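Hello,

Here is the structure for you to look through. My notes follow below it.

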Amino acid sequence: MFQNKASRWIIVSLTLVFSLLLAGLPSVANAEYGDVILNKYSDANDMAPVIYPHWFHRIRFQCKVCHSELGFKMKAGGNDVTMADIVDGQFCGMCHNGEIAWTTENCELCHSGKPGLKSGIIGTHKTLGPGIW
Ligand code: HEC
Ligand code: HEC
Ligand code: HEC
């Protein structure tokens, strides 16, 4: 009985330590759960796919800023965004213009994915919560 509990505890602690280590490791693709990959045109133009940290933005702006005013469809992979549009001040370029956020010259901050990643959401589409768990 005691041994069982002890070994379970060890496994739990090791898992925790391991996940913390993993979380702390820098990686090429900084993709986290809930991030969205945009790769309709990037790979095809020899540019790393875009990893878009959706939650980072969701906690800062109201949904309608992007999904109504800026015209982003609420569907992973559902938007046709080009770099020309962005530089022109549309989509990401509405904010990444050196005023609200850093400029589009920081290519690698957006184009941070590993080549070959498919457009879509990292993890699941469903937001888990009461009623589902
Ligand atoms: C700063 C801009 C921005 C804000 C704010 C924002 N979104 Fe998004 N959202 C996006 C972009 C960009 C995508 C990815 C579109 C694509 O892949 O073409 C997206 C994708 C989505 C998706 C589809 C992917 C998924 O998670 O299933 C949903 C649903 C969504 N947003 C809901 C919301 C809700 C709800 C809010 C507010 C709580 C919100 N968004 C706030 C920009 C934003
Ligand atoms: C604020 C975020 C952001 C920054 C910064 C950024 N890009 Fe992009 N870029 C995007 C998004 C989003 C797309 C559309 C992704 C897709 O669907 O493939 C894109 C697409 C592209 C494409 C695909 C072809 C095209 O014409 O659309 C190229 C090439 C590109 N970017 C080059 C660059 C270069 C070079 C820089 C730096 C000078 C840069 N990007 C900086 C977000 C960004
Ligand atoms: C409504 C305004 C807004 C829009 C639209 C927007 N961003 Fe941002 N974004 C911000 C702000 C503000 C920050 C924080 C800047 C800072 O820390 O100086 C940010 C930060 C980021 C970061 C860095 C996150 C981090 O962990 O520090 C990335 C990557 C990024 N944006 C990509 C994008 C891409 C790609 C798009 C388009 C698909 C986009 N953003 C559209 C406002 C926006």
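Start with ligand 1 in this predicted model. Around ligand 1 there are 20 residues, and the nearest are His57, Phe61, Cys63, Cys66 and Asn79. Three elements give two or more residues to this shell: β1 (36-38), α2 (54-58) and α3 (63-69). The biggest share comes from α3, which gives four residues. By class, the shell around ligand 1 holds 11 nonpolar, seven polar and two charged residues.

Now ligand 2. Its surroundings count 22 residues. Lys40, Ser42, Met83, Cys107 and Cys110 come nearest to ligand 2. Two helices, α4 (83-87) and α5 (107-110), each supply at least two residues of that shell. The shell around ligand 2 divides into 12 nonpolar, eight polar and two charged residues.

Then the sheet. It is open, has three strands and runs in the order β2-β1-β3. The pairing is antiparallel. Which strands stand at the edges? They are β2 (50-52) and β3 (120-121). Each has a single partner strand, so one side of each is left without a neighbour in the sheet.

Look also at how β1 meets β2. The two run antiparallel and are joined by three bridges. One pair to find on screen is Ile37 with its bridge partner Ile51, which lies in β2.

One link to keep in mind: β1, which pairs with β2 through three bridges, is also among the elements that give two or more residues to the shell around ligand 1.

Best wishes

Note on methods. Residues numbered from 1 in each chain as written. Chains lettered and ligands numbered in written order. Predicted model: local features only at pLDDT ≥ 70, side-chain atom pairs only at ≥ 80, totals over all residues. Near = placed C-beta within 6 Å. Nonpolar A, V, L, I, M, F, W, Y, C, P; charged D, E, K, R; others polar. Pairing = 2+ DSSP bridges.
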